Structures are given as structure tokens and as C-alpha cells.
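Here is a set of short exercises to work through at your own pace. Try each task by yourself, then read the solution step by step.

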Amino acid sequence: MALPPAERLARLRLARSENVGPATFRDLLDHFGNARDALDALPELAARGGSKRRLKIAHPADAEAEITAIEKMGGKLLVLGSEHFPERLATLDPPPPVISVLGDISKANGKSIALVGSRNASAAGRRIAGEMAEALGAEGFTVVSGLARGIDTAAHRASLATGTVAVLAGGLDIVYPEENRDLQKLIAERGALVSEMPPGTSPQARHFPRRNRLISGLSLAVVVIEAALRSGSLITARFALEQGRDVFAVPGSPLDPRAQGANKLIKDGAPLVENAADVIAALDTPLGHRFREPEPPSYAPRAASRSETDQDSRARILAALGPTPTPADDIIREAGVSVPELRAVLLELELAGRLHRDPGDRVSLLPEA
């Protein structure tokens, strides 16, 4: 489906506007039917949520400049609902509002496996990653990873000939780490680079969870090869489980801190794998999740079908919210409201900068500025 140019630009502006995260973007499209009406409503919604100042809305010229910059690199900017937007990402809850791609994103539409692990990987870990990536590629799988040092780098290098996708934490034009400059260029030529960030964005700590979520989201399963107990690889594994993907882990020495995270996953029930054959066999086992592609929801532009939340329901929702992260389902039950009513109030609060979203569909209320 090809979006009208005006709606494509409006969706990019909406995604780049202040306090509009993936969940709020999705809820705004659901509520208003199209991004142009949602943009017009942003100031009123933020004020209703308690904002004391005017929301910063992305300017059309800035959005057009972003599209031009990506096209000059030879890339494409894909907004949710547009043609070629990866179906697996469109089915996430919530989906990313916009991605930029350099290379052939169709490589991620078929059999894709994520290989992730420690930046400070051992020689054995890098060897396992390389051998597994090469063998998976020979069996027709595309290898997805995050272009970090260590395991990611080994996996990408070994799968250049068969197909690899690197998800970046910064913009497509930013090389990180610098030592992977040549590898990043090769992936763009032979596979694909994917990013949620605008060009010129340097990777920051808060960007990596979003990158990890796309790594698992593009994949049928995630394989963890060497990971500390507190690591980005385990965050990727958590996202994978939330998304209904399988998680596999390669065991390591209990004396090596780099193996503790993968070993814990195995203790918690993740299938133990040692090579590509194990991964392929685990995907086919009846005991696995055996992820099936869900039908992506339609994000075609439509007329608004707005449902307002009355003041009494709004008051009950606010009373149920607090500084402690609370599951949305608990708020619905306690406040006695519908899902659309809750979403309407939550998006107002998020636009006002008063809502924090936590994993597991939990939300908490921030104090008024």
C-alpha cells in the first residue's frame, strides 16, 4: 500500500514530535485515523493531560530534510503503514512509527535469526557466533544483529555472503563502533542497515533498548551467545519473549562472567543450542513457540472515529495511576473503563510529559512539572 505523500510526511512529523513514542503514535493513529488530524489535535491533547506549555511539533521542513538526507545516502524512509514496511515490525505492540533503511530490507522478511552476545566476547564465543552464522546462512536464514563489537561483529562478518541485517542505535550515517566502518558499508551493500533514529543521531544509552527491540522484532528467534547477567543481550531476549519469539542460548563456563546470562536463560527454560543444526531443530520442536506470522493490522489512513473519555472516567483513571508502575489491565479493572478510554487518557498524559511506560504494558504517573 502506498501512502499519499502528505500523509507520509505527516506521519514522520508526528513520530518526531515531542513526547510521541511508539505507543502514543499507534494510539493517535487508532484514535484519529490519520496523522494530519492527530497533528492538529496535539496541542489540545497535551493541555488536557496537564501540560503548561506548548508542545514542540516537528516542522514540515525538518521532516522533508530528513527524507532528503536518507535518500541522498541511497536509503529509504518507511513510516508505519507504508509499502515495504516490514510486516513483522508492523505486528509489534506497539510497532515502531518510522524506520530508515539502507540496503535490501526484504532480506528480513523471510527466515531471520538474531545472534546477539557480549561486546567483550571470548575468542571461543566469536568463533561459535561466526560458525553458527555461516551455517544458518547456508540453510537460507538471514542473520540479524546489532553491529556491536564481539559477537555481533563475528555474526555479521560470517553472514555477509548469505544475508545479514544490522540494526543501529544511531542514524544510518553514524558509524559505531568506528572499527566497524568497513563492515557497516559492506552490510549496506550486501544486506541492510536499519535504524529508528534520524540521520546525524549519535548512539546514546537510551537508544539501545529500542535497537534491541527491533533486532528481536525482525527475527523468528534470538540466540544468545555469551552475555553477562546485566546486559543488552538479555534485554533483547526479554523483548523476544514478549513478542512471542523463541529464545535459545549457548552454554558457557560457570567461571566466566560472560556466560552467566546465557546460562541463566537455560536454567529458566531456554533451549540449549551449540550450533546451527540445534537452532533449526529447536525451531521445529513442538515444545517451542514456533512463531507464526500474525496478520499485520491495517494502518491505512481513514476518517477519525473519536471516542471521548468523560470527566468521571478520567478522574477514576488518574486515581488508579501513581508513581508505581501498574499494568494497564489493572487500571482498566480498578477504574471500570474501556481500553479506548484508558488509551485516550494515557496518550494525553504522555503528550504532557506526565506518563512513563515500563516493560510489560505497565505505566506510572510522573509529577507535574
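The exercises below go from the whole chain down to single residues. Keep in mind that this is a predicted model.

**Exercise 1. The whole protein**

Task: Find how many helices and strands the protein has, and work out how its radius of gyration sits beside that of a compact globule.

Solution:
- Step 1. Start with the elements: the protein has 15 helices and 11 strands.
- Step 2. For 369 residues, a compact globule would have a radius of gyration near 21 Å. The protein has 21 Å, so the two agree.
- Step 3. Along the principal axes, the C-alpha atoms fill a box of roughly 60 × 45 × 35 Å.
- Step 4. Now look inside: 53% of the 369 residues are buried.
- Step 5. Take the contacts between residues at least 6 apart in sequence: 72% of them join residues at least 24 apart.

**Exercise 2. Helix 9 and helix 10**

Task: Describe how helix 9 (residues 207-217) and helix 10 pack, starting from their axes.

Solution:
- Step 1. Two packed helices are described by the angle between their axes and the distance between the axes.
- Step 2. Here the axes come within 8 Å and cross at roughly 50°.
- Step 3. An angle from 35 to 65 degrees falls in the oblique class, so helix 9 is oblique to helix 10.
- Step 4. The crossing of helix 9 with helix 10 is right-handed.
- Step 5. On the helix 9 side the contact uses P209, N212, R213, I215 and S216, and these meet G232, I235, T236, F239 and A240 of helix 10.
- Step 6. Sorted by class, this contact has five nonpolar, four polar and one charged residues.

**Exercise 3. Helix 13 and helix 14**

Task: Do the same for helix 13 (residues 311-320) and helix 14 (residues 328-335).

Solution:
- Step 1. The two axes come within 9 Å, with a crossing angle of roughly 130°.
- Step 2. That angle makes helix 13 oblique to helix 14.
- Step 3. Helix 13 passes helix 14 in a right-handed crossing.
- Step 4. R316, I317 and A320 of helix 13 make the contact with I331, E334 and A335 of helix 14.
- Step 5. By class, there are four nonpolar, no polar and two charged residues in the contact of helix 13 with helix 14.

**Exercise 4. The surroundings of helix 11**

Task: Which residues of helix 11 (residues 260-267) are buried, and what covers them?

Solution:
- Step 1. The buried residues are G261, A262, N263 and L265.
- Step 2. Their cover includes strand 7 (221-225), helix 10 (232-242) and strand 8 (246-250).
- Step 3. After helix 11 comes G269, with a positive phi near 115°.

**Exercise 5. Two residues and their neighbours**

Task: Decide whether R11 is buried or exposed, do likewise for I225, and list what each touches.

Solution:
- Step 1. R11 lies in helix 1 (residues 5-15). Its relative accessible area is 1%, so R11 is buried.
- Step 2. Leaving out residues up to four places away in sequence, R11 touches L3, F25, L29, A35, V79, L80, G81, Y299, A300 and P301.
- Step 3. I225 belongs to strand 7. With a relative accessible area of 1%, I225 is buried.
- Step 4. With the same residues left out, the neighbours touched by I225 are V116, G117, S118, G125, I128, A129, M132, I151 and V250.
- Step 5. From I225 to A281, 56 residues along the chain, the C-alpha atoms are separated by 17 Å.

**Exercise 6. Backbone features in the loops**

Task: Where are the cis peptide bonds of P94 and P177, and what is the phi of N19 and of H84?

Solution:
- Step 1. Most residues other than glycine have a negative phi, and most peptide bonds are trans.
- Step 2. D93 and P94 are joined by a cis peptide bond, with omega about 0°. P94 sits in the loop between helix 5 (87-90) and strand 2 (98-103).
- Step 3. The bond from Y176 to P177 is also cis, with omega near -5°. P177 is in the loop between strand 5 (164-168) and helix 8 (181-190).
- Step 4. N19 has a positive phi near 65°, and lies in the loop between helix 1 and helix 2 (22-32). At 29% relative accessibility, N19 is partly exposed.
- Step 5. H84 has a positive phi of about 75°, and is found in the loop between strand 1 (76-79) and helix 5.

Notes. Residues numbered from 1 in each chain as written. Predicted model: local features only at pLDDT ≥ 70, side-chain atom pairs only at ≥ 80, totals over all residues. Heavy atoms only, no water. Axes fitted to C-alpha atoms, helices over the stretch in contact; angles between N-to-C directions. Helix = DSSP H or I, 4+ residues; strand = E, 2+ residues; numbered from the N terminus. Parallel < 35°, antiparallel > 145°, perpendicular 65-115°, else oblique. Left-handed = near helix turned anticlockwise from the far one by under 90°. Contact = heavy atoms within 4.5 Å. Nonpolar A, V, L, I, M, F, W, Y, C, P; charged D, E, K, R; others polar. Buried < 20%, exposed > 50% of the residue type's maximum accessible area, 1.4 Å probe, protein only. Rg over C-alpha atoms; globule rule 2.2 N^0.38 Å.
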